[in-house]
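Open the model in your viewer and set it to show side chains as sticks. The stops below go one selection at a time.

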Amino acid sequence: MPVTRPRVVIAGLGDSGVLTAIRLAKHADVAGISVKPALVSGQELGLRLSRPRDWARDYWLPFDRLPRLDTVRTVHGAVSGVDLDARAVTVAGADGAARTEPYDALIIATGVSNGFWRRPTTQSAGDVAAELTAAHSRLASAQSVLVVGGGAAAVSSAAHIARTWPGKRVDLYFPGPRPLREHHPRVWNTVQRRLTAAGVVLHAEHRALVPDGFGCDHITDDPVRWSTGQDPVSADAVLWAIGRVRPNTDWLPAELLDDDGFVRVLPDLRVPGHPGVFAIGDVAATDPLRSSARNRADGLLAHNVRAAFTGGALRNYRPPGRRWGSVLGMQPEGLEVFAPSGHAFRFPAWSVERVLFPWIVRRGIYRGVRPNDPLKAARIGS
């Protein structure tokens, strides 16, 4: 008799979901549910806004470009509910049809919403291209840009916009004495020099008043007001990158969530009380930084899912104490990566183009990527 392979459903095929699916594809019948018809990464907002074609080359990957997903069944739609007793999720398909997906193990990787660049909206490839082009065109036509926020997305956006369009006035407003509070102080010392050299004007101790009902989901031109007492400020384009993340967990029962709506997990990434349910990425309450999305926990999770089926030992995820990695993303001179200690390591541009992306990212992390579709680039505004 043929051996029945376990059924794994991955709710969400963003960065963490895709990497976990790649790890599990040889060991289970994997179904991945995605609101996008591709991996549309939430990384590198600055590059996405300023040079969308360059961003799309490396951060928008149709699933059929990833050979290790060939045996993964992808379902285009949004997860709308789960029956934990029956072990099945319901999906509202992009085609309008509802369906049920049974599982032996469920991996919750639905991520968070954060501005217009990270939303759980069901989209086609054309919708993604139109959204990229619209945001880029909005900023390209502005003479002045105001970036609000103190995290990596805000800092990176200010840097990229200033370097792509040197004639624009770019102002970065942030609460507190410095941005990047979750990074080592050395990181800001270095990044501040990069921003100043690019012409970004820095404004500390400005905490924005967010209008009621405003979800930071579009670029605006309304004056920005401050709870810290400064006069309102206006610009042709205002980019809100204030880190107001909302977990995409409306489809889950409250018993699985913490007080902020994130998925509660044990150190081995299982959901308490439900041995067959796991969570990973920004949606998982692993630690205050929810760092499993940025620390390659996909390998550990894939091991634990397989161990749960075979009776093996599960491993614990150990989060770092600080954020680390790139802040400004790819720049013309290369890529600067920060260690948890705050020390920087620079990869020159040639090494990023010839070694880092083709060998470490595409071959090492994704286990191979097929050639790009030239028609995709044609749909995206330069």
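Which backbone oxygen does the side chain of Asn248 reach at 2.9 Å? Select Asn248 and look for Thr110: the side chain of Asn248 reaches the backbone oxygen of Thr110 at that distance, 2.9 Å.

Before going further, note that this is a predicted model, in which local features need pLDDT of at least 70 and side-chain atom pairs count only at pLDDT 80 or more, while totals for chains, interfaces and linings use all residues. Residues are numbered from 1 along each chain as its sequence is written, and side-chain values use heavy atoms, with hydrogens and water left out.

**Stop 1: around Asn248**

Keep Asn248 selected and add Ser113. The two side chains are joined by a polar contact of 2.7 Å (a pair of N or O atoms within 3.5 Å; within protein, one must be able to donate a hydrogen and the other to accept it, and residues adjacent in sequence count only if both atoms are side-chain atoms). Now show the contacts of Asn248 (heavy atoms within 4.5 Å). Leaving aside neighbours within four places in sequence, they are Thr110, Gly111, Val112, Ser113 and Pro120. Asn248 sits in the loop between strand 14 (246-247) and strand 15 (263-264); helices (H or I, at least four residues) and strands (E, at least two) are DSSP runs, numbered from the N terminus. Asn248 counts as buried because its relative accessibility is 12% (buried means under 20% relative accessible area, exposed over 50%, partly exposed in between, with a 1.4 Å probe and protein chains only).

**Stop 2: two loop residues with positive phi**

Most residues other than glycine have a negative phi. Select Leu180, which is not a glycine yet has a positive phi of about 55°. Leu180 is in the loop between strand 11 (169-173) and helix 6, and is buried at 2% relative accessibility.

Go next to Arg290, in the loop between strand 18 (284-285) and helix 7 (298-310). Arg290 also has a positive phi, of about 45°, and its 18% relative accessibility counts as buried.

**Stop 3: a sheet and the helices across it**

Select strands 19, 20 and 21. These 3 strands form an open antiparallel sheet in the order 19-20-21 (two strands pair if DSSP finds at least two bridges between them). Strand 19 (325-326) and strand 21 (344-348) are the edges, each pairing on one side only. Strand 20 (residues 334-338) is joined to strand 21 by 5 bridges; to see one of the pairs, pick Glu336 and its bridge partner Arg346 in strand 21.

Finally, add helix 8 (residues 349-365), which lies across strand 20 and strand 21 at about 75° to strand 21. Axes are lines fitted to C-alpha atoms, for helices over the stretch in contact, and angles run from 0 to 180 degrees between N-to-C directions. Helix 6 (residues 185-198) lies across strand 20 and strand 21 too, at about 155° to strand 20.
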